[in-house]
Amino acid sequence: MCGIVGYVGKQQAAPILLEGLRRLEYRGYDSAGLSVLNHAELQTRKKKGKIDEGLGRTLQAQPATGQLGIGHTRWATHGPPSDENSHPHLDRTGRIAVVHNGVIENFDQIKERLAQAGHEFHSETDTEVLAHLIGEYYARIESSEPRQKKNGIPALTQAVMGALKEVIGTYGIAVICADCPDIMIGARRGSPLIVGIGEGENFLASDASAIVAHTRQVVYLNDYDVVTLTPGQFKVENLGSSAATVRISQIEFSPEAAERGKFPHYMLKEIFEQPRTVENAARGRLDHEEATAKFGGLNMTLAELRAVDQIVIAACGTSWHAALIGEHLFEEFAHLPVEVEYASEFRYRNAPIEKHTLVLLITQSGETADTLACLREARRRGHKVLSICNVVGSTIAREADGGIYLHAGPEIGVASTKAFTSQVTVLTLMALLMGRIRMLAAGRGTQIIRALEAIPDQIEKVLGQNDIIKKIALKYASAEDFFFLGRLYNFPVALEGALKLKEISYIHAEGYPAAEMKHGPIAMIDEKTPTVIVIPTGTLYEKTFSNLEEIKARKGPIIALATEDNGKIASKVQEVIYLPQTLEPLFPLLAVVPLQLLAYHIAVARGCDVDKPRNLAKSVTVE
């Protein structure tokens with residue numbers, strides 16, 4: 001949720017840290033700070049606010065020099081945004097600096113004990129308590145074994161390990177000490193942390209985008225791993241009984257992929273990347289001869305897949321909306337019963353799940369705390385768990401029994417766009433596979449494949465209406481309430497459209513099945529409340545059109561998303577956005593794009609920061 005970056009090597013650390021923090025700002029942006037070691041002195045600079053306005057200006061006035069440092073961009077959990085609550089936090093002596101993602105659940109008890117021992121605290125954070133605790137352990141080790149290693153482990157590493165054994169909760173941390181000019185410590189439990197391997201330099205980061213400009217060789221740390229880094233090497237210990245396992249991986253995207261390029265915002269760039277990202281999600285996975293889909297990473301035989309008699313899909317936020325579309329896809333293509341769960345609720349329910357149930361997790365980051373907990377609970381119950389994930393090497397991707405990568409590239413905008421359409425594409429392919437090994441006819445499979453192959457060019461056509469959508473957005477940017485309506489496959493699209501508008505423009509918006517309007521919500525319709533209705537020609541067109549007429553009769557402004565063959569709808573609504581014709585199950589891939597653009601342009605018109613909406617962070621790594 002927050003961002004961590006660390007450097008040890010031969011270069012000046014501060015510029016590298018600042019660049020990394022800028023790349024991580026989407027993960028947390030209410031404050032930022034860094035500590036750099038220079039001649040046995042920690043230089044700490046931190047400031048409330050966005051990086052360039054706060055920390056950047058502070059560093060211009062008070063530069064920090066040195067070749068070892070850690071930095072952090074914060075999304076508040078304990079204590080409001082403030083200079084005092086910003087990271088890094090120091091121990092009692094001011095010689096140990098700590099940055100931390102996660103939540104220390106027992107920090108109150110530890111704080112009380114340390115306060116009784118004379119410690120004074122200057123913030124409201126759990127992280128400062130952790131810094132003091134590490135300092136206590138370090139002082140004990142130094143007094144008993146001054147500047148010596150135990151079993152080859154430096155005193156600072158021992159102190160971190162000792163402190164973390166007392167801690168209950170989640171953490172990804174980076175630690176440096178004024179006594180240790182070439183050592184940086186990292187550790188993780190439940191919050192992502194990776195090691196970047198360079199030549200004569202090494203890095204720590206909570207996200208690969210922070211360090212991809214410097215190295216593409218990384219090690220994804222496991223829970224309870226503690227890593228000690230120097231300029232020339234790194235060594236991983238594990239707090240548990242098992243030996244630490246280390247595997248070097250390659251970052252699969254380039255530094256340029258994490259840049260805005262010609263676009264004013266990451267969100268707009270990522271919306272316009274969708275023709276390619278949908279194509280990437282399907283590339284190499286279509287089997288025309290067998291009229292089916294194929295995957296290399298499921299780690300399940302066709303016989304095992306055929307034995308599945310129920311699917312439970314768990315996800316959060318935008319991924320949950322993709323899961324709802326997946327429910328329709330699996331039920332229609334494969335005649336499999338599907339339950340869609342909020343991952344945050346799954347492990348707290350005692351829902352009966354049949355033996356041959358496949359649990360499918362959907363996550364962009366692969367680090368969402370609730371979804372990870374859902375994975376572990378499902379595996380504890382003995383179920384096969386597959387993941388649909390965008391981040392190679394992420395915790396969920398590694399812990400699942402098998403999975404499918406989206407290959408969408410880094411998604412920097414907090415409001416997810418291209419990950420959603422990639423998720424729906426992969427769900428379509430998986431439902432096609434499950435259908436073809438059951439009862440779906442080859443002719444229908446071929447029809448789905450051909451329609452899916454046409455989607456990238458059709459999305460390009462939708463994006464070509466950007467100026468029209470912008471004009472509509474400017475007309476309704478002052479509205480304070482919106483409704484989004486759809487039926488069947490397009491009801492989740494309505495939910496997603498409402499979420500996008502809420503996330504980035506702060507306009508109250510709600511998504512409903514169109515027929516549900518007359519069961520209460522229609523009471524809210526008036527001349528100032530626009531309704532966006534997804535109304536493709538198809539199975540429920542006439543019924544959805546009746547719902548449209550009900551809104552029109554109450555003078556509610558209507559923005560319709562209709563297929564190009566609909567000649568009569570323009571006379572019935574204020575605005576219409578025409579979309580190419582496709583199969584009904586694939587229409588969400590087209591319909592969601594104008595809703596993303598509508599939300600984007602409304603937010604820009606209202607002066608909102610679309611890439612960094614208030615109170616939100618990209619990856620929710622604490623419960």
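**Exercise 1. Parallel strands**

Task: Determine which residue of β19 stands opposite I311, and describe the sheet around this pair.

Solution. Step 1: In this predicted model, I311 stands opposite L358 in β19.

Step 2: Place the pair in its strands. Strand β17 covers residues 310–315 and β19 covers residues 357–363; the two are joined in the parallel sense over five bridges.

Step 3: Extend the view to the sheet. Five strands form an open sheet in the order β18-β17-β19-β20-β21, and their pairing is parallel. At its edges stand β18 (338–342) and β21 (402–405); each has a single partner strand, so one side of each is left without a neighbour in the sheet. From one strand to the next, the twist averages 20°.

**Exercise 2. Helices on the parallel sheet**

Task: State which strands helix α9 lies across, and which strands helix α13 lies across.

Solution. Step 1: Helix α9, residues 317–334, lies across β17, β18 and β19. Its direction makes an angle of about 175° to β18.

Step 2: Helix α13, residues 418–436, lies across β17, β19, β20 (384–389) and β21. Here the angle is about 160° to β19.

Step 3: Combine the two lists. Strands β17 and β19 appear both under α9 and under α13.

**Exercise 3. The antiparallel sheet**

Task: Give the strand order of the open sheet of eight strands, and explain why one side of β3 and of β14 is left without a neighbour.

Solution. Step 1: The order is β3-β2-β4-β1-β10-β9-β11-β14, with antiparallel pairing.

Step 2: Strands β3 (41–48) and β14 (248–250) stand at the edges; each has a single partner strand, and therefore one side of each lacks a neighbour in the sheet. The twist averages 20° from one strand to the next.

Step 3: Examine the edge at β3. Its pairing with β2 (residues 31–38) is antiparallel and runs over eight bridges. Within this pairing, R45 of β3 is the bridge partner of L34.

Step 4: Add the helices. Helix α1 (residues 13–24) lies across β1 (3–8), β2, β4 (68–74) and β10 (202–205), at about 160° to β1. Helix α2 (residues 52–61) lies across β2 and β3, at about 140° to β3.

**Exercise 4. A hairpin**

Task: State how many residues the hairpin between β12 and β13 passes through, and name the bridge partner of V227.

Solution. Step 1: The hairpin that joins β12 to β13 passes through four residues.

Step 2: Strands β12 (residues 225–229) and β13 (residues 234–238) run antiparallel and are joined by five bridges. V227 has V236 in β13 as its bridge partner.

**Exercise 5. Internal cavities**

Task: Find how many cavities of 30 Å³ or more the structure holds, and describe the second largest.

Solution. Step 1: A search of the whole structure gives three cavities of 30 Å³ or more.

Step 2: The volume of the second largest cavity is about 120 Å³. It is lined by 13 residues, of which R487, N490, P536, L540 and E584 are the closest to its centre.

Step 3: Sorted by class, this lining of the second largest cavity consists of seven nonpolar, four polar and two charged residues.

**Exercise 6. The whole chain**

Task: Count the helices and strands of the protein chain, and judge its compactness from the radius of gyration.

Solution. Step 1: The protein chain contains 18 helices and 26 strands.

Step 2: Its radius of gyration is 26 Å, close to the 25 Å given by the globule rule for 623 residues; the chain is therefore as compact as a globular protein of that length.

Step 3: Along the principal axes, the C-alpha atoms of the protein chain fill a box of roughly 80 × 55 × 45 Å.

Note on methods: Residues are numbered from 1 along each chain as its sequence is written. This is a predicted model: local features need pLDDT of at least 70, side-chain atom pairs count only at pLDDT 80 or more; totals for chains, interfaces and linings use all residues. Side-chain values use heavy atoms; hydrogens and water are left out. Two strands pair if DSSP finds at least two bridges between them. Axes are lines fitted to C-alpha atoms, for helices over the stretch in contact, and angles run from 0 to 180 degrees between N-to-C directions. Contact means heavy atoms within 4.5 Å. On a 1 Å grid over the protein atoms alone, a cavity is a set of points where a 1.4 Å probe fits but cannot get out, and a pocket is an open set with protein on both sides within 12 Å along at least five of seven lines; lining residues have an atom within 4 Å of a point. Grid points are joined across faces, edges and corners, and a volume is the space filled by probe spheres set on the points. Ala, Val, Leu, Ile, Met, Phe, Trp, Tyr, Cys and Pro count as nonpolar, Asp, Glu, Lys and Arg as charged, and the others, Gly among them, as polar. The radius of gyration is taken over C-alpha atoms; the globule rule is 2.2 Å times the number of residues to the power 0.38.
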